[in-house]
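Reader: I should be grateful for a close look at the aromatic rings of this model and the side chains that accompany them. Please state the cut-off behind each term as it arises.

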Amino acid sequence: TGVAVDVSKHKELAKAKTDFVTIASHQLRTPLSIIKWYVDFLLSGDAGDLAEEQTKYLEEVYGSNERLINLVSALLDVSRLDLGTFAIEPEPIKINKVSDAALLKLKKEIEEKKITVDKKYDVLPFINLDPRLTQIVFENIISNSVKYAEENALIKIEIKKTEKDV
């Protein structure tokens with residue numbers, strides 16, 4: 001005896017979910033890009049001088065908008081994975097710079113918790129990696145370190161060559 005299960009409804013729902021995520025992500029990208037452009041325009045002083053407090057608020061808006069853009073990109077990546085169209089686009093990057101960029105993005109949270117960051121980077125050659133995906137990895141690891149660290153904690157980041165790399 002066997003059991004037959006009709007999975008066509010499940011497949012239809014999965015496709016509808018993927019289609020929705022793709023369409024919603026694409027629809028969100030345009031207004032987020034416009035917000036980024038206008039805030040960048042204001043922060044650069046092209047529309048006139050801003051008071052210190054205005055600049056502070058606009059920097060918060062800019063940072064929040066960047067997080068939303070990254071979230072939309074992640075949603076698109078998920079839908080591309082579901083569709084089998086996800087592509088990794090490697091190019092030569094400096095891994096130490098990726099780490100520093102992730103730290104810079106989390107600077108405010110690090111300062112708020114009075115966390116000390118101890119960086120030890122070996123000089124490494126360029127490495128062929130997808131810069132956006134590598135950035136996401138570093139941001140997730142460092143973000144979790146900051147999120148779960150006690151106040152006044154020490155976070156160590158070490159990037160070094162191994163025997164295999166020499």
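Author: The account below begins with the aromatic rings and then turns to charges over rings, one helix residue and two loop residues.

The model is predicted: local features require pLDDT of at least 70 and side-chain atom pairs count only at pLDDT 80 or more, whereas totals for chains, interfaces and linings use all residues. Residues are numbered from 1 along each chain as its sequence is written, and side-chain values use heavy atoms, with hydrogens and water left out.

A pair of aromatic rings is described by the distance of the centres and the angle of the planes. Here, rings of Phe, Tyr and Trp (its six-membered ring) pair if their centres lie within 6.5 Å; planes under 30 degrees apart count as stacked, over 60 as edge-to-face and the rest as tilted. By this rule there are two aromatic pairs. In one, the ring centres of Trp-37 and Tyr-38 are 4.9 Å apart and the planes stand at 80°, so this pair is edge-to-face. In the other, the centres of Trp-37 and Phe-41 are 5.4 Å apart with the planes at 10°, so this pair is stacked. Trp-37, Tyr-38 and Phe-41 thus form one aromatic cluster. Trp-37 and Phe-41 both belong to helix α1 (residues 8–43), where four residues, about one turn of the helix, separate them; helices (H or I, at least four residues) and strands (E, at least two) are DSSP runs, numbered from the N terminus. Phe-41 has a relative accessible area of 29% and is therefore partly exposed, given that buried means under 20%, exposed over 50% and partly exposed in between (1.4 Å probe, protein chains only).

Two further rings carry a charge over them, a term that requires NZ of Lys or CZ of Arg within 6 Å of the ring centre and within 35 degrees of the ring normal. The charged end of Lys-56 sits over the ring of Tyr-57, 5.3 Å from its centre. That of Lys-94 sits over the ring of Phe-126, at 4.8 Å from the centre.

Glu-139 lies in helix α5 (residues 131–148). Its relative accessibility is 16%, so Glu-139 counts as buried. Beyond neighbours within four places in sequence, Glu-139 is in contact (heavy atoms within 4.5 Å) with Asn-70, Ala-102, Lys-105 and Leu-106.

Finally, Lys-114, in the loop between α4 (107–112) and β2 (116–121), has a positive phi of about 55° although it is not a glycine. Asn-152, in the loop between α5 and β4 (154–159), likewise has a positive phi, near 65°, and is not glycine. With a relative accessible area of 53%, Asn-152 is exposed.
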